Every structure is written in C-alpha cells, then in structure tokens.
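Biologist: I should like to learn how to read several features of a protein model. Could you take me through them in turn?

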Amino acid sequence: MTNPPAAPPAIRAAGLDVALSGVPIVRGVDLEVAAGEAVAILGNNGSGKTTLMRAVLGLTAHRGLVELFGTPLDRFRDWARVGYVPQRSGILVQQATAREVVASGRLGRRRAFRPETAADKAAILDSLDAVALAERAGDRFARLSGGQQQRVLIARALASQADLMVWDEPLAGVDHVTQSLLAGVAENLKARGTTIVMVLHEIGPFASVLDRAVLVRDGRIGPHVPHPAHRHGGHESDDLADNPAVTGLEAV
Amino acid sequence: MEWLSLEFMQRAILAALITGVMAPAIGTYIVQRRLSLLGDGLGHLAVAGVGLALLTGTAPLPLAIVVCVAGAIAIELLREAGRAQGDVGLAILFYGGLSGGLLLAGLAGQGAGTLAGYLFGSLLTVGAPDLWVIAVLGLVVLVVSIGLMPQLFAVSADEPFARTIGLPVRVLNILVVALAAITVTVSMRTVGLLLVSALMVVPVSTANQVVTGFRRGMFAAMGVGAVAAVSGTIGSYYLDTAPGALIVVIAILLFAASWPLSRLLQGDSTAPRQVGSPDDEATRQKVPEEHPHVHGPNCGHRAVEHAGHVDYVHDGHRHAAHEDHYDEH
C-alpha cells in the first residue's frame with residue numbers, strides 16, 4: 001500500500017524553535033517526513049531530539065511552523081492518526097493491567113460514555129499479540145520488566161491504528177530479544193504504509209526498516225543521511241550502521 | 001437495632017453509604033496521580049465556605065461546595081501553568097481556608113464546637129434537604145468517575161499520550177479536581193472535612209492490595225469504602241463518638257487486614273515466583289558486596305525463579321548462586 005504522490009507530508013516543520021525555561025533547545029529546525037517514510041532522529045543526550053518531537057506533537061510551546069498531514073498544528077484535530085510512544089519513565093501506573101494501558105490507545109476513536117466496541121476489543125488484543133504479550137494482558141503493568149513495559153507502550157500506539165508512529169527511544173533499557181521483536185513490528189508497520197519517526201541513540205535493529213536518519217546536534221539538524229540501500233532489498237541491513245555520520249555519532 | 005427506626009440515623013446511614021462509595025471512586029484517580037493529600041487541602045478550603053455560611057446565615061452545604069470547587073479549579077489551573085509545584089502556594093491557600101473559616105465562624109458567634117460537626121462529621125445534622133443534595137451530587141460523581149473511566153485513567157496515567165490522542169486534557173483534569181472538591185464537601189456531615197481525605201485514599205490502597213487492575217481496583221475500593229462508612233456510622237451511634245473517627249479507623253483496620261490477605265492471594269512470598277523469562281535484561285557480573293549469609297528458602301530475601309534457577313532479590317537486584325559468589329541478574 002503506497003500513498004499517492006499528492007499526499008501531504010506526515011510531518012512538516014519549518015523554522016521551529018523551542019525554548020524550555022528560557023534555554024533554547026531546538027533552533028531553527030526544518031524537517032519534513034513524507035507519508036510512508038521511516039526516519040530516525042539521532043542525537044546524543046540533551047541534543048534536543050525528544051523536545052523536537054514533543055514540539056511537533058504540540059506537547060511543548062514552540063515558535064515556527066508545524067503541520068501534521070498538511071494541517072497546521074493548532075487546527076489539527078485528527079489525532080487518531082497519530083500513535084505516540086513516549087519515554088517509559090513518564091508513566092504513572094500503579095495497579096492497571098497491561099490490557100488497560102493498551103486500551104487507552106483506542107480513545108482517539110472512542111466516544112465518551114460508550115463501552116468498548118468489538119472493533120476496540122479486537123484492536124487491543126491484536127496489538128498485545130503483535131508485541132507477544134497476549135498472555136500477560138491481565139498482569140499489572142508496573143510488575144512487568146522494562147522491556148515488557150516498552151512493548152506494552154508500543155502496543156498502546158498500535159491499538160490506535162495510526163498512520164504516523166512517533167516512538168521516543170523505544171530501545172532504552174530493552175534486551176536483545178525485545179529489540180528484534182520491535183524491529184519486526186516496525187517492519188510490519190512500514191509494509192502497511194505507516195509513517196514511522198523514531199528518536200534513537202543508535203540505529204541498531206532498525207537499520208533494515210529506516211529510509212534515512214536525521215542527526216540532531218545542539219538543537220540543530222545536521223546533514224541528512226540517506227539510506228544507501230533504500231528500497232532495493234537484499235543487503236541493506238548493515239549499510240546505514242557503516243555510514244560514517246552515524247557510527248561517528250555513537251563514538252561522540 | 002433501634003437505630004433503624006430513627007429518622008436521623010436513616011439519613012445519616014444513607015449519606016454515609018453515598019460518601020463511602022463516591023470518595024474511593026474519585027480517590028482512585030487522585031491516588032493514581034500521587035495527589036493523595038489534595039483531598040485534605042480541599043477539606044481545609046471547604047471550612048472557609050462553612051464559616052461564610054455561618055456568618056451569612058445561609059445553608060452551609062451549597063456555599064461550601066461553591067467555595068471548594070472554585071478553589072480546586074484555581075489549584076488545577078496553577079498546576080497546569082507550572083506554578084503550583086511550589087507547594088508553598090498550596091499551603092497558604094489551604095491554611096488560609098481553614099483559618100478564614102474559623103475566623104468567620106467566630107465572628108458569627110459560633111465556636112469551634114459548631115465547626116467540629118463539620119470537621120469530624122455529626123450524625124444528628126444530616127437534614128432531609130442535605131440528603132437530596134448529597135444524593136444528586138453523589139450520582140454525578142459516580143456517573144462521571146465510572147462513565148469516563150478510560151479517559152480519566154489515560155489522563156492520570158500519561159498526560160502527554162492523552163494529549164496526542166486528542167483527549168481534552170485540561171477539561172478532564174479540571175473535572176477530576178472539581179469532583180474531588182464536591183466529594184470532600186458532600187462528606188462533611190459524615191466523615192467530616194478533616195478526615196474525608198482518608199476515605200479517598202485508604203480504601204483505594206486496600207483494594208490495590210487484593211485485586212489487580214484499575215477498573216476492578218476502583219470497584220473493590222468503592223465496596224471497602226461503603227463497608228467502612230456504614231459500619232462506622234452505626235458504630236458511632238453506640239459509642240457516641242464523631243462518626244468520622246470511627247469510619248476512618250475501620251478503613252485503616254481493613255487496610256491492615258488486606259496485608260496478610262494479599263500475601264495469601266499471591267502465595268507465600270518466599271516461594272519461587274516466575275517474574276521473567278530469559279528475555280529479561282540479564283546482565284551477569286560478579287557481585288562485590290559482602291554477603292553475611294547464604295541465600296536460601298528462609299533467608300528473608302524473596303526467591304524468584306529465573307531461567308531454570310532461583311535468584312534471590314537483594315537490594316533491588318537479583319542474586320544467583322554461582323560457585324563461590326553470586327551472579328547479578
């Protein structure tokens with residue numbers, strides 16, 4: 001499933017500035033992510049990559065232009081099209097089950113005071129299944145391991161059946177089995193035409209999914225890194241990691 | 001059972017039942033956001049409304065509700081603007097409410113004795129019109145707490161996510177504190193303004209000991225709250241005490257009883273418990289710490305089954321015996 005060429009970019013930011021408590025964090029960023037594209041936002045701790053994505057999603061005050069699917073952010077209402085996976089640390093959940101957390105992902109499509117529909121229930125189950133946690137659905141979220149919690153948050157975003165996924169550091173504190181599982185999830189999304197933007201420290205297991213990487217350094221966007229094996233199949237998996245711009249970043 | 005035929009007791013028990021159910025319902029969201037002491041502060045604010053009513057000679061309940069809800073909304077707007085993490089501002093607001101209420105009551109020629117009936121509850125003072133207000137507002141709080149459970153849960157658990165899914169986060173946040181303010185005020189004749197916060201928090205913690213899940217936890221907490229409120233009200237008739245005190249003591253006793261019960265439900269805490277498969281982050285390294293004992297079934301550290309062997313939970317990490325040392329898992 002490919003988007004028609006006329007489809008507006010999933011994300012368009014121009015001249016984006018964000019200051020937190022007076023400190024400039026994001027400075028004059030221009031960013032465009034085409035519909036169906038998979039892009040990594042790379043950078044060191046404190047480089048501004050998370051703040052950049054939060055601004056794009058309207059979670060933090062900013063100056064400059066942001067459009068989602070061609071609509072300026074302040075007029076954008078179609079939030080069911082966005083699936084956000086924030087960093088795990090910000091979540092306050094004590095007794096809720098994994099299923100209850102994932103069910104929140106349906107709220108963009110549910111009306112208030114109405115029970116879950118059959119479609120809601122199916123989407124919640126499918127999403128838990130996609131991250132291999134169907135049998136932990138009734139377990140307390142807080143008692144799951146870090147990797148399992150990350151998978152629940154990904155499932156919550158999957159449940160929205162969004163066209164645009166924004167994942168913030170999905171690999172933080174996650175073991176290798178979960179890493180390759182998440183890469184599989186991303187690959188399935190990409191095959192369905194979902195736009196994917198990931199804030200990452202390193203490309204790691206996502207090399208075969210990503211079309212390109214954007215480097216954020218000190219709040220500014222660095223050189224774009226085109227994926228050398230873009231949509232040619234075959235030997236793509238290690239090429240991006242061999243790119244000096246990307247490997248150089250890990251060494252910093 | 002003579003109390004059953006007394007009209008004031010019938011009203012008091014009904015009011016207590018409504019309070020006992022609604023306080024944990026809204027309290028579940030308050031506890032989820034780690035604002036357990038918010039109810040206490042709102043109780044202080046409501047005292048100002050009571051004092052104002054005593055001075056002006058109007059009915060205390062409606063005026064206290066108006067003052068408390070307005071204060072709660074102001075607090076939420078301050079929190080949203082990022083100003084209220086300075087909890088000094090909140091403290092000033094709360095103690096201003098309490099002292100202002102006492103002062104106004106004094107000016108009205110009413111001593112602390114009159115106020116005590118509002119601070120700790122009073123069986124004799126639930127009038128028929130009050131009961132109607134309590135019933136209607138109780139119904140509103142319950143309909144919203146249960147009907148909007150998925151939305152309110154999402155906002156309490158993860159506000160950024162709730163925003164990106166298009167929920168009206170500000171409206172929902174204000175709704176929670178406003179409902180909490182209503183609950184606090186409505187409870188002033190049963191548990192009383194200074195103790196109602198306990199009924200919003202303690203049954204929720206009790207339920208969390210014994211059931212899993214947000215929804216089930218909320219309903220269990222409502223049941224616990226109802227039992228504590230009704231039995232405390234009846235008991236206070238016999239003991240001739242303020243109902244609030246007994247209600248809260250019973251709630252705390254139920255909480256204490258839930259500890260051994262949760263152990264029972266989860267099995268023996270020292271028995272091996274499957275917490276993770278080998279896909280858990282298992283970093284293996286030698287542990288340099290001193291070990292005064294050898295981990296075993298009775299060493300007091302929780303045993304955890306892990307990838308075919310048993311680890312012992314030790315200061316937040318897991319130890320696995322390996323020859324002469326422990327590997328850290």
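Modeller: The discussion below treats salt bridges, a helix pair, backbone angles and a loop residue. This is a predicted model, in which local features need pLDDT of at least 70, side-chain atom pairs count only at pLDDT 80 or more, and totals for chains, interfaces and linings use all residues. Residues are numbered from 1 along each chain as its sequence is written, chains are lettered from A and ligands numbered from 1 in the order in which they are written, and side-chain values use heavy atoms, with hydrogens and water left out.

Biologist: How many salt bridges does the structure hold over all chains?

Modeller: A salt bridge is a side-chain nitrogen of Lys or Arg within 4 Å of a carboxyl oxygen of Asp or Glu. By that criterion, there are 16 over all chains. In one of them, A:Glu37 meets A:Arg212 with an N to O distance of 2.6 Å. A:Glu37 is in the loop between β2 and β3 (38–42) of chain A and A:Arg212 is in strand β9 (residues 212–217), so this pair ties together parts 175 residues apart in sequence. Helices (H or I, at least four residues) and strands (E, at least two) are DSSP runs, numbered from the N terminus.

Biologist: Are A:Glu37 and A:Arg212 buried or exposed?

Modeller: Buried means under 20% relative accessible area, exposed over 50%, and partly exposed in between (1.4 Å probe, protein chains only). Both A:Glu37 and A:Arg212 are buried.

Biologist: Which residue forms a salt bridge with A:Arg81?

Modeller: The partner is A:Asp163, with the closest N and O atoms 2.5 Å apart. A:Arg81 lies in the loop between β5 (71–72) and β6 (82–85) and A:Asp163 in the loop between α4 (146–159) and β7 of chain A, so parts 82 residues apart in sequence are tied together. A:Arg81 counts as partly exposed at 28% relative accessibility, and A:Asp163 likewise at 31%. In chain B, a network of salt bridges links B:Glu76, B:Arg79, B:Glu159 and B:Arg163.

Biologist: At what angle do the axes of α1(B) and α9(B) cross?

Modeller: Axes are lines fitted to C-alpha atoms, for helices over the stretch in contact, and angles run from 0 to 180 degrees between N-to-C directions. The axes of α1 (residues 7–32) and α9 (residues 169–186) of chain B come within 10 Å and cross at roughly 150°. The two helices are therefore roughly antiparallel, the term for angles over 145 degrees.

Biologist: Which residues of α1(B) meet α9(B)?

Modeller: Contact means heavy atoms within 4.5 Å. B:Thr19, B:Met22, B:Ala23, B:Ile26, B:Tyr29 and B:Ile30 of α1(B) meet residues of α9(B) including B:Val176 and B:Leu179.

Biologist: What is notable about phi in A:Ser21?

Modeller: Most residues other than glycine have a negative phi. A:Ser21, however, has a positive phi near 50°. Its place is in the loop between β1 (11–20) and β2 (23–33) of chain A, and A:Ser21 is exposed at 78% relative accessibility. B:Arg34 also has a positive phi, of about 55°; B:Arg34 lies in the loop between α1 and α2 (38–56) of chain B.

Biologist: Where is A:Pro205?

Modeller: A:Pro205 is in the loop between β8 (195–200) and β9 of chain A. With a relative accessible area of 24%, A:Pro205 is partly exposed. Leaving aside neighbours within four places in sequence, A:Pro205 is in contact with A:Leu171, A:Gln179 and A:Ala183.

Methods: Parallel < 35°, antiparallel > 145°, perpendicular 65-115°, else oblique.
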